[in-house]
Amino acid sequence: MRAQSAACARVIAVMVIIGAGIYAPAQSGTDASQHAAARTTLLRQLRTQGISDERVLAALERVPREDFVRPQDRARAYANQALPIAGGQTISQPYIVALMSQLLELRGGERVLEVGTGSGYQAAILSVLAKEVYSIEIDPALAATAGERLQRLGYANVHVRAGDGFYGWPEVAPFDAVIVTAVAPQIPQRLVEQLRPGGRLVMPLSEGRDQVLVRARNQETGLAIERVTEVVFVPMRGAVRTPSPPLFAPRTP
Ligand code: SAH
């Protein structure tokens, strides 16, 4: 009798487990609480790494990074590491997203240009920190996915366009801040021309085999460039790689 009820209990337990597998919603309560715990750890880590802008920290707390990574990477969404996204590209490490955002010195009323939309995560962070975000992505498939994702998640002040960010977005310039999330051999002149006086531009530049993150300020006396730290980014593609690129963006369909 006892053996029978134990067996019965086992059967019920197996059924419950199978049931949980079948009926578990996409984001179970356990997922949500695991993400919350990992996010708290990440934020503590960012503070010790020197992120002190409370608005930036609040933005990283608020934007669900798990919605910008591949389904198989959701459990690692709040690890302080870069992750692969479609098209052989990467979503930057949270520390780098936070650092670049902090370097832009946003207070809430700015127009920001991003080159390299990728997953749209950095654009979502900027959307919380600034008034309008214009983001350009050279890979049309990535641009379409990120644009739809940002719209679905409610980031209505982010405008995504497919194209070569080398030319900036002259129709909506000037910008208070420009961020480039792919590494280039030099700062594209068009982006400097679209930067308001006093504006900040943050991007990685290659130096031989190394890459350094720089912040340029558009001052009356010219561009003042600060080197911030060594970084690793995917390469900026398109016109920046051609010896004498055309002056204006080729028409995009
Ligand atoms: N900011 C992104 C990370 C992007 S990785 C995020 O938060 O997920 C760099 C991105 O820059 C890639 O998606 C790549 O396709 C794009 N890119 C490379 N060269 C570009 C160019 N010339 N113009 C626009 N986007 C470019």
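## A walk through the sheet and its core

Start by selecting strand 3 (residues 111-115) and strand 4 (residues 132-137) in this predicted model. The two run parallel and are joined over 5 bridges. Zoom in on a couple of facing pairs: arginine 111 sits opposite glutamate 132 in strand 4, and valine 115 stands opposite isoleucine 136, again in strand 4.

Now add helix 5, residues 121-129. Together, strand 3, helix 5 and strand 4 form a β-α-β unit, and the unit is right-handed.

Is strand 3 enclosed or open? Colour its residues by burial and take a look. Of its 5 residues, 4 are buried, so strand 3 is largely enclosed by the rest of the structure.

Next, step over to the other neighbour. Strand 6 runs parallel to strand 3, with 4 bridges between them. Click on leucine 113: its bridge partner in strand 6 is valine 178.

Stay on valine 178 for a moment. Which residues does it touch, once you ignore neighbours within four places in sequence? They are Leu113, Leu191, Leu195 and Leu201. Valine 178 also belongs to the largest nonpolar core, which has 61 residues. Ile125, Val178 and Ile179 have the most contacts inside that core. Helix 5 gives the core its largest share, 7 residues.

Time to zoom out. Select all the strands of the sheet: there are 7, the sheet is open, and the order across it is 5-4-3-6-7-8-9, with mixed pairing. At the edges you'll find strand 5 (158-162) and strand 9 (222-230), each of which pairs on one side only. Turn the view to look across the strands; the twist averages 15 degrees from one strand to the next.

Then bring in the helices that lie on the sheet. Helix 4 (residues 94-103) packs on it, touching strand 6 (175-180), strand 7 (195-207), strand 8 (210-219) and strand 9. The direction of helix 4 makes about 145 degrees with that of strand 7.

For the last stop, select helix 6, residues 140-152. Helix 6 lies across strand 4 and strand 5, and it runs at about 165 degrees to strand 5. Strand 5 is the edge strand you picked out earlier, and strand 4 brings you back to the pair where the tour began.

Conventions. Residues are numbered from 1 along each chain as its sequence is written. This is a predicted model: local features need pLDDT of at least 70, side-chain atom pairs count only at pLDDT 80 or more; totals for chains, interfaces and linings use all residues. A nonpolar core is a set of buried Ala, Val, Leu, Ile, Met, Phe, Trp, Tyr and Cys residues joined through C-beta atoms within 7 Å. A residue is buried if 20 or more other C-beta atoms lie within 10 Å of its own, exposed if 12 or fewer, and partly exposed in between; C-beta atoms are placed from the backbone. Two residues are in contact if their C-beta atoms, placed from the backbone, lie within 7 Å. Two strands pair if DSSP finds at least two bridges between them. Axes are lines fitted to C-alpha atoms, for helices over the stretch in contact, and angles run from 0 to 180 degrees between N-to-C directions. A crossover is right-handed if, with the strands pointing away from the viewer, the path from the first strand over the helix to the second runs clockwise.
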